[in-house]
Amino acid sequence: MNSAYAKISPGKRSAFLHANCGVSPESRFVRRTTLDLKRIKETGYLSEVMNSQFRIDPEHQSIAVLNAFDGTEFDASKANPAKDVFFCGMPTEVAAEAQRNLLDNGVYPETLELSSVASLAAVVDYLRFSDSSKPTIVLELGSESTQSFIVSTRGLEASRPISVGLEAMVPVVQKELGLKDEESARKLFFSNTFDFTGMGSSLCKRLLKELQSSMGFYEVQTGQSIGQLICTVLPSKLSWLESVVAGQLGVNVLQPQYAAWLNARKITLGPELSSFPLDGRRFALLGLMMKFSTQTDATAA
């Protein structure tokens, strides 16, 4: 058993640690859409949507279809099935590999969930708890791509994968600083030994263009202005990027006040976690720990 897990594993060291597990493979997907109510009950309709709208072949994927506003499982057999849903999942082989890795490390996954979905559920729950009226951008900034979401107290409002990640910023660092090669730029960029905030707009130019497009479309469609942003996936040494992106978009950074929320959700941190940094990157972990109640009033389209 992995030594880190062994410390918290009850009973014999040889026993598996049972846990709700979240994984975040590069190949994961969370895609929101609105279904055609006239075709919802057609055999193969959901597969057609995945293929035509998202270019995802469902044959080799482990997929869940969830209601966008309450996270419950979509059921086409209901008298009035929800039309606003999101498809989430990963390649079946990737899911199997994740399970094998957990078992090899002494962890028995009672549930295997996408960290993205757990994180979104927690952010939405926090917005509801804090009675926030501001639609919020949730960003997962990865190496090669970015997952962008818009959430509100209603639930998941929009999702969009963006083919721009942190690696796209490395050539900009090289050019701006006149470095000899990209590897030198990469090491400097990820080391947190240089203040890059002054060139933030240049670093994020491609990403900002895509985000501004998503924001504009949402605001025109709904008449609501996005008020804040939070990065739930971002290396700690690049945490400054969150405020740079928010500033360039003209929105605030969501600053969660965790104490009252966690207390209301009956989550207590042990004294040894007093210095545990509770920032946006912890929403996925907290989402795995919580039991969310269905809010029927939030499911209205």
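**Overall architecture and the setting of strand 6**

Among contacts in the chain between residues at least 6 apart in sequence, 64% link residues that are at least 24 apart. The model from which this value was computed is a predicted one, and its chain comprises 11 helices and 10 strands. The radius of gyration of the chain is 20 Å, close to the 19 Å that the globule rule gives for 301 residues, so the chain is as compact as a globular protein of that length. Taken along the principal axes, the box filled by the C-alpha atoms has dimensions of roughly 60 × 55 × 40 Å.

With respect to solvent, 44% of the 301 residues of the chain count as buried, while the area that the chain exposes amounts to about 16,100 Å², of which carbon and sulfur atoms supply 49%. The chain carries 30 positive and 32 negative charges, and the mean positions of these two sets lie 2 Å apart.

Strand 6, which spans residues 136-141, is mostly covered, with 6 of its 6 residues buried. In a regular strand the side chains alternate between the two faces of the sheet. For strand 6, both faces are covered: Thr136, Val138 and Glu140 are buried on one side, and Ile137, Leu139 and Leu141 are buried on the other.

The pairing of strand 6 involves strand 7 and strand 9, with opposite senses of direction. Strand 7, formed by residues 146-152, pairs with strand 6 in the antiparallel sense over 6 bridges, and the connection between these two strands is a hairpin of 4 residues. Strand 9, formed by residues 228-233, runs parallel to strand 6 and is joined to it by 5 bridges. Glutamate 140, one of the buried residues of strand 6, stands opposite glutamine 147 in strand 7 and also opposite valine 233 in strand 9.

A contrasting environment is found at threonine 193, which is placed in the loop between helix 6 (182-189) and helix 7 (200-203). The relative accessible area of threonine 193 is 62%, and because exposed residues are those with a value over 50%, this threonine is classed as exposed. Although threonine 193 and lysine 237 are separated by 44 residues in sequence, their C-alpha atoms are 9.1 Å apart in space.

Key. Residues are numbered from 1 along each chain as its sequence is written. This is a predicted model: local features need pLDDT of at least 70, side-chain atom pairs count only at pLDDT 80 or more; totals for chains, interfaces and linings use all residues. Side-chain values use heavy atoms; hydrogens and water are left out. The radius of gyration is taken over C-alpha atoms; the globule rule is 2.2 Å times the number of residues to the power 0.38. Buried means under 20% relative accessible area, exposed over 50%, partly exposed in between (1.4 Å probe, protein chains only). Contact means heavy atoms within 4.5 Å. Accessible areas come from the Shrake-Rupley method with a 1.4 Å probe; for residues, only the protein chains shown count as cover. Lys and Arg count as positive and Asp and Glu as negative; His and the chain ends are not counted. The place of a charge is taken as NZ of Lys, CZ of Arg, CG of Asp or CD of Glu. Two strands pair if DSSP finds at least two bridges between them.
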